[in-house]
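Work through the exercises below with the structure in view. Each task is followed by its solution.

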Amino acid sequence: MNEEKLKNLLGLAQRAGKLTSGNFSVKESINSGKVKLLILATDAAPNGVKEFEKISREKKLPIVRALTGETLGKCLGKNFRTVAAISDEGFAKSIIKISDGKDGGKK
């Protein structure tokens, strides 16, 4: 996975208004039906991981485990974040591609 590309893409999604972060905001976005992709920090608490994996299965949302909570928050201009949601199909596809290492860049 190319972390730099991922961080840049997450920052772009944030500035474009296509990303929400934090447990409450992400759950709100999921309930509104806008979410195309969930991103969970690699160091998210086990209970939070279980909760969002369950939501992911129920809502049939893809989920990517990437970055630490500190790094995820930092690239969004926020404090520590363990979860983020992407509401744009194009950003979601690009992030999945990067996380799978299929972006043509270095892993």
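**Exercise 1.** Is Glu 51 buried, partly exposed or exposed?

The structure is a predicted model, in which local features need pLDDT of at least 70 and side-chain atom pairs count only at pLDDT 80 or more, while totals for chains, interfaces and linings use all residues. Residues are numbered from 1 along each chain as its sequence is written, and side-chain values use heavy atoms, with hydrogens and water left out.

Step 1. Take the cut-offs: buried is under 20% relative accessible area, exposed is over 50%, and partly exposed is in between (1.4 Å probe, protein chains only).
Step 2. Glu 51 has a relative accessible area of 31%, so Glu 51 is partly exposed.

**Exercise 2.** Find the salt bridge partner of Glu 51 and place both residues.

Step 1. A salt bridge needs a side-chain nitrogen of Lys or Arg within 4 Å of a carboxyl oxygen of Asp or Glu.
Step 2. Glu 51 pairs with Lys 27, at 2.6 Å from N to O.
Step 3. Glu 51 belongs to helix H3 (residues 46-59) and Lys 27 to helix H2 (residues 23-31), so the pair ties together parts 24 residues apart in sequence. Helices are DSSP runs (H or I, at least four residues), numbered from the N terminus.
Step 4. Lys 27 is partly exposed, at 28% relative accessibility.

**Exercise 3.** How many salt bridges are there by this rule?

Step 1. The count is three.
Step 2. One of them joins Glu 4 and Lys 7, at 2.9 Å from N to O. These two residues are three apart in helix H1 (residues 3-15), about one helical turn.
Step 3. Lys 54 also forms a salt bridge with Glu 58, with the closest N and O atoms 3.8 Å apart. Both lie in helix H3, four residues apart.
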